[in-house]
Each structure stands twice: as structure tokens, then as C-alpha cells.
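Thanks for coming. I will go through some side-chain contacts and one helix pair, and then stop.

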Amino acid sequence: MRIEQLEYIAAVTQHGSLRRASERLHISQPALSEAVSKLERELGVTLLDRRRSGARISRRGRELQQFMVEVLEAVERLRTAAGDQTTSTRQVRVGTVSAATSTLLAPALREFRAAHPGTTVELINTQQGEIHQGLLEGALDLGLVNVLAGDDPPTDLVGTGLVHGRPVAVLPAGHPLTAQASVTVEELRAEPFVAMRAGYLMHRFAHRLFGADMPAISYTTDGAELGKIMVAEGLGATVLPDYSVLGDPMERAGLIVARPIEDDRTAVTLVLRHRQGEHAPRPVRDLQELLVRHARTYQDARVS
């Protein structure tokens, strides 16, 4: 067994295919594939599920992943202690539904960068189901998802509630409804609507809010950030968690306005999720701790 074989497994898991991993590692794909196959033969297990769409870590590979990570961390500590300047840069991959990006994620990333200047954080904006799958397969280190009260958590992932809030109506500045303290469902139903695409929590909430009588959907989009831009451009109204709007740069600049939805008491929580029972690398643990700490600060500021 060679250290680079473990590094190859980690790279394939992270990038989702042998080809992309070989490009990132600057070695040929056949050489990488053969090295992984040799490790599989040595251990007597299949570590990767090879498919036409790419390669993913197998179930048995996930069971052994913690031990591989521990070995790679120990090697990295040894190289650092020995003054090896060629130690590879660590990358942390975070899946997000684009909630509380500017109020929570950005401040945590800013502090993380100061503590880990050599670590790259890759943010992947995608749907909750894809985030869960990425976490389970090892393609993501952390996930940020919205959860409605009463939703059953996945049994094979660990979740930490970061910020609690409620869905609000998001309107363009100067809209007549912004003069009101709250917006009724009927008033919102009459507006051109910017809907989140199926797979996002706010898509499900909108159908719960409006029932069978949905507003005329003018646009569907991916994630809160695009939704806010479209509202700011006057293309319609949308519904988002309040923590995705209040304190956002567009809200602070007066481009969008959030109003409570009258008679709606739905609770929504931003949850940080990661794999269960895994010894995560130090940068991942540090970012996780920063997100929890900044969430506590943000929540306390909202209460006061």
C-alpha cells in the first residue's frame, strides 16, 4: 500500500470521476485507475463503483473512508512537521441551497480563510437531495439545507440547527405591498411569482401555502440568490426564509423588501449536515465550528 493510492481514492471521491481526478493530480487516467485497482486487490474490497457517468466510492469504501482520512491526515502532519512545502492544498467542498449566504456563510468563510490560507473552499449550489447524496458518497464535506418543522432527518447524516426563522414574502423596492406590515396569501397570489424549482424546500412550501390555487408562475429558478436578483429587477415576488433576506446586501441597499406572510406560522431552520461517525479533516471541523459559532452570534443579534 502506498500513500498516493489513498490520495487517488480521495481525489476520485471528491471529483466524481477518474478523468477529473487524474486531471487534478496531473497523472494519466490509466495510471490512476491501475493504482486504485492494485489497492483494491491488496485490500480484497471494491473501493469504487465505476459507472459510465463517473466513479463513486462504494459502500465498503465508505466504511473504510474514515481510516483512509486518518492516514492521510497523519501523513500531512508529518510532512508539515518536517517542513515539506510540497504538501498538497486541502480543499473543502460545501453544498448549499444558498440560504443565509451573506449573513452567515460569508463571515464564517472570511474567518476560515484567515486561519487556513492554503485551503480552498468550493461552494456547490444545488438541491437538498443532491447535497445529501454528495455527503453520503464523500463528494461533499458539509451541507447547508433548509428544513421545515416536522421534516424527518436522514438517519445516516448528522444535522445541527444553525438559524431558525420563518418564510417571508420578498418584494421589489417600491412595490405597493411594501407599505403594509404584512402580506396576505391572496395578495401574494395575485403577483407574478418567482418560484424555486422542484427539489428546493421553498418549492414545497409555496405549494403548501397556496394549495391548489397557485399564483401565475412567471419564472422558476435555482436557489435563493437568483430568486432575490429576479425580485430586485422587478420580475415578480417570491417566498424565502427570512434569514436569507434580512441583512442581505440587496435588502440593505433597499433593492428588495421582506414582509411577513399574514396568518402563516411556518417554522424553517437552516441545518448544517455532515456524515455520521466520520473523523473529518481538521479544516472541515474548523469550518463546521465557525458556522455554528457565527450562527449563534447571528441568532442572538436577531433576538436582541
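Contacts around one tyrosine

Setting aside neighbours within four places in sequence, Tyr219 is in contact with Phe193, Val194, Ala195, Met230 and Leu235. Keep in mind that this is a predicted model. Tyr219 sits in strand E9, residues 217-221. Is it buried or exposed? Neither label applies: Tyr219 is partly exposed, at a relative accessible area of 33%. For a sense of scale, the C-alpha atoms of Tyr219 and His116 are 40 Å apart in space, and the two residues are 103 apart in sequence.

One of the contacts of Tyr219 was Phe193, which brings me to aromatic pairs. How many does a search of the whole structure find? The search returns 1 aromatic pair. The pair is Phe193 with Phe210: the ring centres are 5.6 Å apart and the planes are at 80°, so the arrangement is edge-to-face, the cut-off for that label being over 60 degrees. Phe193 belongs to strand E8, residues 193-196, and Phe210 to helix H8, so the pair ties together parts that are 17 residues apart in sequence. Both rings belong to buried residues: Phe193 has 1% relative accessibility, and Phe210 has a relative accessible area of 4%.

Next, charges. Side chains of opposite charge can pair when their charged atoms come close. The count here is 15 salt bridges. I will show a few of them.

Take Arg204 and Asp151, whose side chains form a salt bridge with an N to O distance of 2.8 Å. This pair links distant parts of the chain, 53 residues apart: Arg204 is in helix H8, residues 201-210, while Asp151 is in the loop between strand E5 (142-148) and strand E6 (157-165). Arg204 is partly exposed at 37% relative accessibility, and Asp151 is partly exposed at 24%.

Now a local case. Glu225 and Lys228 form a salt bridge at 3.3 Å, N to O. The two residues lie in helix H9, residues 223-232, and are 3 residues apart, about one turn of the helix. Which of them is buried? Lys228 is, at 1% relative accessibility; Glu225, at 25%, counts as partly exposed. The cut-off matters for that reading, because buried means under 20%.

At the start of the numbering, Arg2 forms a salt bridge with Glu4, with the closest N and O atoms 2.6 Å apart. Arg2 is partly exposed at 38% relative accessibility, and Glu4 is partly exposed at 30%. There is also a network of salt bridges, linking Glu186, Arg189 and Asp213.

Last item, helix packing. Two packed helices are described by the angle between their axes and the distance between the axes. For helix H1, residues 3-15, and helix H2, residues 18-25, the angle is about 120° and the axes are 8 Å apart. That makes H1 oblique to H2. The roughly perpendicular class runs from 65 to 115 degrees, so about 120° falls outside it. The crossing of H1 and H2 is right-handed. Which residues meet there? From H1 they are Tyr8, Ala11, Val12 and His15, and from H2 they are Leu18, Arg20, Ala21, Arg24 and Leu25.

That is what I have. Questions are welcome.

Notes:
Residues are numbered from 1 along each chain as its sequence is written. This is a predicted model: local features need pLDDT of at least 70, side-chain atom pairs count only at pLDDT 80 or more; totals for chains, interfaces and linings use all residues. Side-chain values use heavy atoms; hydrogens and water are left out. A salt bridge is a side-chain nitrogen of Lys or Arg within 4 Å of a carboxyl oxygen of Asp or Glu. Buried means under 20% relative accessible area, exposed over 50%, partly exposed in between (1.4 Å probe, protein chains only). Helices (H or I, at least four residues) and strands (E, at least two) are DSSP runs, numbered from the N terminus. Rings of Phe, Tyr and Trp (its six-membered ring) pair if their centres lie within 6.5 Å; planes under 30 degrees apart count as stacked, over 60 as edge-to-face and the rest as tilted. Axes are lines fitted to C-alpha atoms, for helices over the stretch in contact, and angles run from 0 to 180 degrees between N-to-C directions. Angles under 35 degrees count as roughly parallel, over 145 as roughly antiparallel, 65 to 115 as roughly perpendicular and the rest as oblique. A crossing is left-handed if the near helix is turned anticlockwise from the far one by less than a right angle, and right-handed if clockwise. Contact means heavy atoms within 4.5 Å.
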